[in-house]
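This report describes how a sheet and its helices are arranged, and how confident the prediction is along the chain. Please keep the sequence and the model in view while reading.

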Amino acid sequence: MMRPIQRSVARVLAVCGLIFAKSATADTPPDPCHLFQTETEFVTQTLYMRLEDVRHQLTVPEVYFEDVFDRVDGSEHRAQLFRMMVADFTPVSRQDTADLLREGRKEYFNFVLSDYVSMDEALPIIASLMRTGDGRDMSAYYEIEADFNLATLLPRSGAQVRNDVFVARDQNGQPASIISCSNNPAFLNHSCYQNFRASGIDVRMWYPREYLNEWQNLQTSVSDFIACAHQGP
């Protein structure tokens with residue numbers, strides 16, 4: 001396990017990442033696996049996907065884990081949470097989160113590796129959360145082209161939606177990513193959550209709505225991170 005001095009150094013590096021978080025742009029995407037190349041302390045654990053009855057062995061740098069029980073080699077979990085800066089994929093600790101919130105900064109995102117229903121099953125569930133009264137009947141909805149290589153899901157009834165739902169489809173027309181964003185004008189802050197699969201693992205990701213334009217970059221970075229965790233150091 002990482003000794004106190006090593007953990008302090010890792011903490012300093014993470015905080016430095018927060019300072020320079022705004023420096024990266026879409027033209028210079030971050031390497032989501034950079035800590036796999038520089039860290040020396042790793043944790044190997046198993047993600048058990050209960051619905052599919054599949055186990056994935058993942059090896060991840062210890063600095064990504066906040067809690068002691070997550071830093072146990074050989075442990076098995078049904079879900080695992082990670083928190084990163086949007087700009088450079090620097091891991092964000094619980095204390096970092098508190099500091100960012102106190103400063104009014106929102107440039108981080110969360111994602112959970114777990115086992116959800118299939119994307120085909122998830123779409124009508126998420127559509128029903130728009131609360132238009134159309135439920136999960138997908139024939140009651142249609143899609144129109146939207147920004148950022150997405151389509152917007154709308155009810156044929158013309159009812160007002162409680163959340164904006166976006167879909168990205170693969171070359172076979174199947175949903176590859178589903179995004180739901182809050183749109184209530186009474187809210188001061190709006191967020192999005194995004195469902196997709198990467199390396200056979202279901203992912204749910206949360207971020208402030210102002211980063212919706214980054215959805216593809218975030219999905220690619222998380223997918224690369226998972227691939228690196230499969231491979232290990």
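In what order do the eight strands of the open sheet follow one another?

## The sheet

In this predicted model, the strands of the open sheet run in the order β4-β5-β11-β10-β9-β8-β7-β6, and their pairing is antiparallel. The edges are formed by β4 (80-85) and β6 (141-145), each of which has a single partner strand, so one side of each is left without a neighbour in the sheet. From one strand to the next, the twist averages 25 degrees.

At the β4 edge, the pairing with strand β5 (residues 108-114) is antiparallel and extends over six bridges; leucine 81 has valine 112 in β5 as its bridge partner.

## Helices on the sheet

Helix α4 (residues 119-128) packs on the sheet, where it touches β6, β7 (151-155), β8 (163-169), β9 (175-182) and β10 (191-198), and its direction makes about 20 degrees with that of β9.

Helix α5 (residues 215-231), for its part, lies across β4, β5, β8, β9, β10 and β11 (201-208), and runs at about 140 degrees to β11.

## Confidence along the chain

The chain has a mean pLDDT of 88, with 88% of its residues reaching 70 or more. Confidence is highest in β11, at 98, whereas the lowest value belongs to helix α1 (residues 4-19), at a mean of 42. The pLDDT is below 50 over residues 1-26, a stretch that has 38 contacts in the model beyond near neighbours in sequence.

Notes
Residues numbered from 1 in each chain as written. Predicted model: local features only at pLDDT ≥ 70, side-chain atom pairs only at ≥ 80, totals over all residues. Heavy atoms only, no water. Pairing = 2+ DSSP bridges. Helix = DSSP H or I, 4+ residues; strand = E, 2+ residues; numbered from the N terminus. Axes fitted to C-alpha atoms, helices over the stretch in contact; angles between N-to-C directions. Contact = heavy atoms within 4.5 Å. pLDDT = per-residue confidence, 0-100.
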